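This report takes up one chain and its ligand, and begins with the packing of a pair of helices before turning to the ligand shell and the overall fold.

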Amino acid sequence: MSYKTNDTDILLRKPKPEEGLGIYRLIANSPPLDLNSVYNYYLLTTHFADTCVVAEHGGQPRGFLSAYLRPDAPQVLFIWQVAVDAALRGKGVARMMLSSVMSRPECQGVEFIETTVGPSNAPSRALFESFAKKWNYPLDVTEFLPASAFGELEHESEELLRIGPVAPLGESQ
Ligand SMILES: CC(C)(COP(=O)(O)OP(=O)(O)OC[C@H]1O[C@@H](n2cnc3c(N)ncnc32)[C@H](O)[C@@H]1OP(=O)(O)O)[C@@H](O)C(=O)NCCC(=O)NCCS
């Protein structure tokens, strides 16, 4: 799926297996996201490619959305990390990545979207609130992990945002 902002051409597509390192670098440049191992991102670009989205610009991954269908509840799409290169933010790229994954054949059975957000991550919260509002979907917030779950590591608590019931999206949405 191609997407054009006022001044930028973006291609939204599944990640390619060899893109794990490039995605690792994108996440490394996207605080406050937790940076996972390069190996982890190769798992996403291979085993989970059907539910992950790359936003390509200039031949490079400049945006990434990682997600999976929950093994214990396959009607739930769990969105793990969303990152957009700082130079491309505020152009609707994250919103389009979310719509793009929801329009895939692999997500036609999705009934709920879940994600977790730290209390201080306003842009992330705004992204999901905006998506829920646009489609008039209910959004519930509950505790997922307290800060104490991270032990001595300095890490905020994580709240669970659950959106739905949702309907599959068409290609043009
Ligand atoms: C969060 C992030 C992915 C948003 O990407 P983006 O492409 O700029 O977001 P979009 O342009 O698609 O905006 C989607 C919605 O969120 C809102 N939003 C985006 N950034 C925002 C900000 N900094 N403050 C307030 N609202 C913001 C937009 O206004 C828009 O809502 P609208 O459609 O009602 O106007 C990007 O800021 C980022 O990569 N941040 C660093 C990593 C991170 O925190 N990821 C989220 C954790 S999962």
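## Packing of H3 and H4

At roughly what angle do the axes of H3 and H4 cross? In this predicted model, the two axes come within 10 Å and cross at roughly 55 degrees. Because angles of 65 to 115 degrees would count as roughly perpendicular and those under 35 as roughly parallel, H3 and H4 are therefore oblique to each other.

The crossing in which H3 passes H4 is right-handed. On the side of H3, the contact is made by Ala-94, Arg-95 and Leu-98, and on the side of H4 by Leu-127, Ser-130 and Phe-131. By class, the residues of this contact divide into four nonpolar, one polar and one charged.

## Shell around the ligand

The ligand is surrounded by 21 residues, of which Arg-89, Ala-94, Ser-124, Ala-126 and Ser-130 come nearest. Two or more residues of the shell are given by each of strand S5 (73–84), helix H3 (93–102) and helix H4 (122–135), and H4 gives the most, with six residues. In composition, the shell has 11 nonpolar, seven polar and three charged residues.

Ala-94 of H3 and Ser-130 of H4 take part in the contact between these helices, and both are also among the residues that come nearest to the ligand.

## The chain as a whole

The chain has four helices and eight strands, which follow one another along the sequence in the pattern β-β-α-α-β-β-β-α-β-α-β-β. Its radius of gyration is 15 Å, close to the 16 Å that the globule rule gives for 173 residues, so the chain is as compact as a globular protein of that length. Taken along the principal axes, the C-alpha atoms fill a box of roughly 40 × 35 × 30 Å.

Methods. Residues are numbered from 1 along each chain as its sequence is written. This is a predicted model: local features need pLDDT of at least 70, side-chain atom pairs count only at pLDDT 80 or more; totals for chains, interfaces and linings use all residues. A residue is near a molecule or strand if its C-beta atom, placed from the backbone, lies within 6 Å of it. Ala, Val, Leu, Ile, Met, Phe, Trp, Tyr, Cys and Pro count as nonpolar, Asp, Glu, Lys and Arg as charged, and the others, Gly among them, as polar. Axes are lines fitted to C-alpha atoms, for helices over the stretch in contact, and angles run from 0 to 180 degrees between N-to-C directions. Angles under 35 degrees count as roughly parallel, over 145 as roughly antiparallel, 65 to 115 as roughly perpendicular and the rest as oblique. A crossing is left-handed if the near helix is turned anticlockwise from the far one by less than a right angle, and right-handed if clockwise. Two residues are in contact if their C-beta atoms, placed from the backbone, lie within 7 Å. The radius of gyration is taken over C-alpha atoms; the globule rule is 2.2 Å times the number of residues to the power 0.38.
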